[in-house]
Amino acid sequence: MNYHVLTLFPEMIEQGLNTSIIGRAMEAGLISLQTLNIREYTDNKHGRVDDYPYGGGAGMVMQAQPVYAACQAVRKSIKSEPRVIYMSPQGQVFTQKMAEELARENDLVFLCGHYEGIDERVLEEVVTDYVSIGDYVLTGGELPAMVMIDAISRFLPGVLNNEESAACESFQDNLLEHPHYSRPAVWHEKEVPSVLLSGHHANIEKWRREQSIRRTLERRPDLLKQAAEEQLLSKADLEYLEQLKKSASFL
Ligand code: ADE
């Protein structure tokens with residue numbers, strides 16, 4: 001996967017992604033990251049990239065010309081037409097499913113706006129996808145682009161090692177993960193659930209699945225509803241869920 005990020009703050013992207021799992025994947029050549037500084041593409045002799053909004057109002061607007069030139073430079077370097085994703089709170093809300101789908105592309109271009117946004121006319125010409133990372137407003141598209149790159153990269157072969165990949169399975173069924181415990185077996189007088197110390201693999205798996213269902217029901221019932229609708233729950237899952245809903249312990 002080749003990521004291309006168009007931004008006024010390339011160092012933010014580079015520094016944010018060069019550590020941990022994503023940094024390791026870049027070193028291993030599984031992903032590449034190219035940042036383009038939009039300022040370097042301006043025709044303006046003072047290096048200007050923004051101007052006042054027509055019609056008045058607060059803030060500045062990023063001008064069409066440098067954004068278009070930076071975008072054309074990236075497109076020219078790629079054989080096929082890439083998807084160009086504009087990070088915006090007005091976009092479709094990013095999900096795990098979208099991350100999985102985008103992971104199938106060879107190249108992805110992220111366009112990060114700043115200030116009040118980017119001149120609409122260039123967006124109309126270059127953007128293929130408008131994506132938001134949630135219903136709140138950030139100061140720019142850089143953090144959202146990093147969030148997306150992180151989530152997409154986890155789906156690329158080899159990025160996660162076996163252990164990390166097994167750990168990501170549980171969200172795939174739209175369920176939240178079960179709780180985790182490590183040594184010591186007793187901490188602040190709290191004991192680790194005994195099944196986890198039993199060594200009985202099947203019982204441990206059953207307990208974890210039930211904990212996932214319980215936790216999702218408590219914290220994200222919307223996800224559980226979706227999992228049921230998409231038929232991701234087994235007969236045993238549904239039976240446990242029924243039992244849970246009836247029991248007084250679940251409130
Ligand atoms: N730019 C500013 N806020 C944003 C958000 N929530 N998602 C994506 N891009 C943004």
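How far is a nitrogen atom of the ligand from a polar backbone atom of G134? The distance is 3.1 Å, which fits the definition of a polar contact, a pair of N or O atoms within 3.5 Å. Before we go on, keep in mind that this is a predicted model, where local features need pLDDT of at least 70 and side-chain atom pairs count only at pLDDT 80 or more, while totals for chains, interfaces and linings use all residues. Residues are numbered from 1 along each chain as its sequence is written, and side-chain values use heavy atoms, with hydrogens and water left out.

Let's stay with the ligand. A nitrogen atom of the ligand also lies 2.8 Å from a backbone N or O atom of Y136, and for L138 the distance between such a backbone atom and a ligand nitrogen is 3.0 Å. On its own, the ligand has 260 Å² of accessible area, and the protein covers 95% of that (areas come from the Shrake-Rupley method with a 1.4 Å probe).

Who are the neighbours? The shell around the ligand includes M87, S88, P89, V131, S132 and I133; a residue is counted as near if one of its heavy atoms lies within 4 Å. By class, this shell has eight nonpolar, four polar and no charged residues. Here Ala, Val, Leu, Ile, Met, Phe, Trp, Tyr, Cys and Pro count as nonpolar, Asp, Glu, Lys and Arg as charged, and the others, Gly among them, as polar. Strands β5 (83-93) and β7 (129-132) each supply at least two shell residues, and β5 gives the most, with three. Strands (E, at least two residues) and helices (H or I, at least four) are DSSP runs, numbered from the N terminus.

Now follow β5 to a charged pair. Side chains of opposite charge can pair when their charged atoms come close. E101 forms a salt bridge with R83, with the closest N and O atoms 2.9 Å apart. E101 lies in helix α4 (residues 96-102) and R83 in strand β5, so the pair ties together parts that are 18 residues apart in sequence. The whole structure has 14 salt bridges, each a side-chain nitrogen of Lys or Arg within 4 Å of a carboxyl oxygen of Asp or Glu.

Methods. A polar contact is a pair of N or O atoms within 3.5 Å; within protein, one must be able to donate a hydrogen and the other to accept it, and residues adjacent in sequence count only if both atoms are side-chain atoms.
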